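Take a moment to turn the model around on your screen and pick out the chain from end to end. Then follow along as we visit a few spots and step back for the wider view.

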Amino acid sequence: MKKQKFNHTKLVVLLLMLPATVFQIALGQTYYVASNGNDNNNGTSTSTPFQTIAKVNTLTLQAGSHVLFRRGDVFRGTLTVSQSGAAGNPIVIDAYGSGTKPTLSGSVLVTGWASIGNGKWQATCNSCGSMLTGLYSNSVAQPLGRYPNASDSNKGYLTVQSHVGKTKLISQQPLSTNWVGGEAVIRSNYFIIDRATITQQSSNTLTLTNTSAYNLTDQFGYFIQNHPATLDQQGEWYYDPSTKIITLYSNPIDPNTQTISVTTFSKGATALGRANITFNNLRIIETLNYGLYIENCSNITVTNCEVINSGENGVWFSGSGNTISFLNNLIKDSNNNGFQIDTYSNFTFQGNTIRRTALSPGRGKSGDSQYNAFIAFCLTGTLIESNTIDSTGYTALNFPKDNAVVRRNVVSNFCMTKNDGGGLYITNNAQQSMGNVTLQENIIYNGLGVAEGTPDGFLGANGIYLDECIQGINVTGNTTFKCSGAGIYLHGATNVVTTNNTSFDNNYTQFALDYTNICASNNNTTTGNIFVAKLATQYSGIYNSYTTNLSTFGTFDNNYYARPLDDVQSLRLSYPPPNGNLFDPQSLLEWQTKYGKDANSKTSPITLKGYTLNSYTGAERVVGGDFTTGTGFGSGGPFVFSDFNNGQETWDNTNRINGGSLNLNFTSITNNPGASLYAGQVINAVQKSKYYLIQFDAVSPIPNRLVQVYMQHQFAPFVPLVDSRPAVVVGTTPRHYEIVVKPLEDLANALAILRVFENNQPIYIDNFSVREVDITPFSPDDLMKLYYNPNARDTTITLSGTYRDVKNQLYSQQVTLSPFTSVVLLRDISPDLSPNISLPQSNFSTAPNNVRNFVVNIFEVGGQSTSNGTITMTTVVPTGYTLAFNGALTSIVVTGGDNTPVTIDNTKWTLINNVANQQISLRMNAGQFIPAGSKATLGFTVTRTSANSGSVSSITTNISNDAIRTYDGNSVNNVYSRIVSGL
Ligand SMILES: [Ca+2]
Ligand SMILES: [Ca+2]
Ligand SMILES: [Ca+2]
């Protein structure tokens, strides 16, 4: 036990003034409390402990006094500390003995359950008051009875068909029970769950007493609780305060065989208007309202406590005060907020864990600022550090708006009861002055949202959510991932600095800077961030304004906007017409050139193909896709339509790519946002269970032309058959493009679409092809991974496979992360070609023994099929030999082999260069590819002509380097040499 400091001056005064018995208290008396004690004891030793909280509440404690509860014991009631300690010499409430922490329980046991039939039991709770917030069977919380049950359809939500204000609810579903006296639990909107008493019912119309600030909203959900007719599932209970009778559904378990407790005491421990109090090592459970309730106190320290099963807030520092330290505590299973602190200064919240907060709709409180794990309305000097917050009904950590540091917290699984909240959240919709808040190195993931009870399933759980009129926040070094909304969402923000954060796999966007109706977004700084969209349906960034030009949003630079599976148009920029592109996906280039932002920012260093191509399984669907003739296309081939009737197609025969090609161009320039032409190719029936490969070659006289590639309905409603429209970038050098499409539905009349954006320069298309294919899709989770380190020391993670980060740094064995950092790794799985030469008999004599047939095998060893028709290779024979390639051959007998003809692929390749019959270069034909793990085999003939007798030299074959990695991502193994000897 800690010795208390002795204040001699105070002692002298006390000696003069007080009788001896009080003198001992003034020294800082230690009191012991044990469940087998006696309130008639003096309480001053472990052998003479008090027994009850009620006795402790009668003591006049002094600075330095300790009240110690025996570990392993349970004490029922509310511990009220009615005195103050002194600075540096607090009153301490703590534990003694060994074992589990002493329990302060706010509940009483209820016994004598009588069966009333149909699985229901009743018992009277004489000490219960006007409400009950918890019933526990063997310490496990049981559900308040509700209709419909959470296990029913739509997770137990009925639907508001129509309403009048907040007091009349017309149910879409018929109500056959009279629910008057019960409570309607209403999703008034995405982020509010209100409770209102049902005072009248007429058929499907409920009249409510509803004190919420929010009106009802049609098509949102509601259910009914706190009514005896709701009881039909194990554990459901109802309490009638007028009779003090509890009804419990328990079938077939006889509740008399269980320990049933119910919440009766408002608080577990409390202090009002006091100072210098420390709470250590207490376990506070099953309280009617609050586990720990402190009001208008200062210099309060709480360490190593557990607060469990609180009927409303787990811990509430109400009112105002200063110097609060809340360290290394556990708060779990709170019905409403886990931890709330109002206007206090100098507040430290460190090393705490808050779990399972407000997970039952209707058990939390109505209105705003409820269902949160942590909410602080502090004044100044707040530190929120190294906490773990998991599983929260709404916002996990609602931080204060002034002078606060929020760092190194791990926040997961939030918005599990309500939507449109955050992992870290703040709003300033009252537009007060605010600032000097830092959010640093937090790790935030699994922002969920719940679809049930909403009309459209909007989830909107954002990792870091700075909502409405936020100013002066520094967001740095945080990691957010797997949130249903944005990783970081700035909603009407000014002077917010967002630097060096990583956002990955957030379902809507990795980062958003948005407008609100109240506040514009201005003068923000967004630099050095890594925004990686895992899926093609996610955005890397969204910049929206409908009030001011996007160029006033602030400074943006050195960010990564990466969407490796579809990296071209991963941004969305919205600005009202005529100067913007409302809701259209856009490229980083558009953001850079049109608004002058992000000059040094980059997209993904590698493009990941989300599949490997195994084979073609269907016939060619494009007639005349090589555009060899100028007739026929437009009927069997593509036709053009456009937004403003200015798109046209013509035939080009100037060998832009490969002979004739399709010229897509505009007859006039409208400058309308998103103005496009669409080259539609009839491809007839498609099935949603199949994959289709759209291929073409393209070139334009100017660089950076975007072409979207997708499918849509040929006839009304003309809607796309895809969730997202992949885009490719067409430049001044002809390139081959391929996009795999999996239609959303079976359709008899589908179009393949090439969408070209308005420009005064044409785009030329050639070798246009659509075929059904067999592919093996890769799971995006295998292609892209986020690793993070939630520990205070470096952590090394072992990798299987080779990866790159967005800065193109290679990781092959492991990655080491500093504390509270993360990395997004992209699998390095480009196709990798590696050739060899098969020529068993390589000693060349003179004629007639001077001719040899050999094959070059080009193996794909990277596990990824090559793109079509792009591979080039060169085979060279030494001086004194000649080399021949016959493009008509389909088999060859390798000289010195087993005399079995080897099947070769010569017909699939075209000679593109021949230097003196010694150096032959070939290019694979359009439409041909080397599947993953497979090979191409080419047959050649080599003849010794003038090589010297006894000479030794090499035949060499070489796969050309492929900077854009469409057929080879590893040039180390691209050269193979075979020694030949002249005899
Ligand atoms: Ca029920
Ligand atoms: Ca052509
Ligand atoms: Ca290679």
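In this predicted model, S369 sits in the loop that runs between strand 31 (353-357) and strand 32 (374-376). Is S369 buried, exposed or something in between? Its relative accessible area is 31%, so S369 counts as partly exposed, because that class covers the range between under 20% (buried) and over 50% (exposed). Leaving out residues up to four places away in sequence, S369 touches N337, I375 and F377. Now look for G969, which is 600 residues from S369 along the chain. The C-alpha atoms of S369 and G969 are separated by 53 Å.

For a contrast, find T526, which belongs to strand 48 (residues 524-527). T526 has a relative accessibility of 0%, so T526 counts as buried. Which residues does T526 contact, apart from its neighbours within four places in sequence? They are T498, F511, F531, Y543, T555, F556, D557 and N559. G554 is 28 residues from T526 in sequence, and their C-alpha atoms are 7.8 Å apart in space.

T526 also gives us a way into an annotation. An unreviewed UniProt entry lists the feature "domain: Right handed beta helix" at residues 256-354 and 382-541. Here is how the model looks over those two spans.

| Span | Helix | Strand | Distance between end C-alpha atoms |
|---|---|---|---|
| Residues 256-354 | 0% | 71% | 33 Å |
| Residues 382-541 | 0% | 56% | 31 Å |

Next, let's visit the metal ions. The calcium ion (ligand 2) is coordinated by the O atoms of D626, N658 and G660, and D766 appears twice through OD atoms. These donors lie at 2.2 to 2.6 Å. Written as a sequence pattern, the donor residues are spaced D-x31-N-x1-G-x105-D. Two of them, D626 and N658, link distant parts of the chain and are 32 residues apart. D626 is in the loop between strand 55 (611-616) and strand 56 (639-642), while N658 is in the loop between strand 57 (647-652) and strand 58 (661-666). D626 is partly exposed, because its relative accessibility is 39%.

What are the protein donors of the calcium ion (ligand 3)? They are D832 (OD), L833 (O), D968 (OD, listed twice), N970 (O), N973 (OD1) and N974 (OD1), at 2.2 to 2.9 Å from the ion. The spacing of these donor residues in sequence is D-L-x134-D-x1-N-x2-N-N. D832 lies in the loop between strand 71 (822-827) and strand 72 (833-838), and N973 lies in the loop between strand 82 (952-959) and strand 83 (975-982), so the pair ties together parts that are 141 residues apart in sequence. D832 counts as buried because its relative accessibility is 10%.

Finally, let's step back to the whole protein. How many helices and strands does the protein have? The count is five helices and 83 strands. Along the principal axes, the C-alpha atoms fill a box of roughly 130 × 70 × 60 Å. The protein has 983 residues, and 54% of them count as buried. Among contacts with a separation of 6 or more, 69% join residues 24 or more positions apart. The protein exposes about 37700 Å², with carbon and sulfur atoms supplying 48% of that area. As for charge, there are 59 positive and 60 negative side chains, and the centres of the two sets lie 7 Å apart.

Technical notes
Residues numbered from 1 in each chain as written. Chains lettered and ligands numbered in written order. Predicted model: local features only at pLDDT ≥ 70, side-chain atom pairs only at ≥ 80, totals over all residues. Heavy atoms only, no water. Donors = N, O, S within 2.8 Å, 3.2 Å for Na, K, Ca; no water. Helix = DSSP H or I, 4+ residues; strand = E, 2+ residues; numbered from the N terminus. Buried < 20%, exposed > 50% of the residue type's maximum accessible area, 1.4 Å probe, protein only. Contact = heavy atoms within 4.5 Å. Areas by Shrake-Rupley, 256 points an atom, 1.4 Å probe, with all protein chains shown as cover. Lys, Arg positive; Asp, Glu negative; His and termini not counted. Charge placed at Lys NZ, Arg CZ, Asp CG, Glu CD. UniProt positions renumbered as here; feature names shortened; annotations may be inferred.
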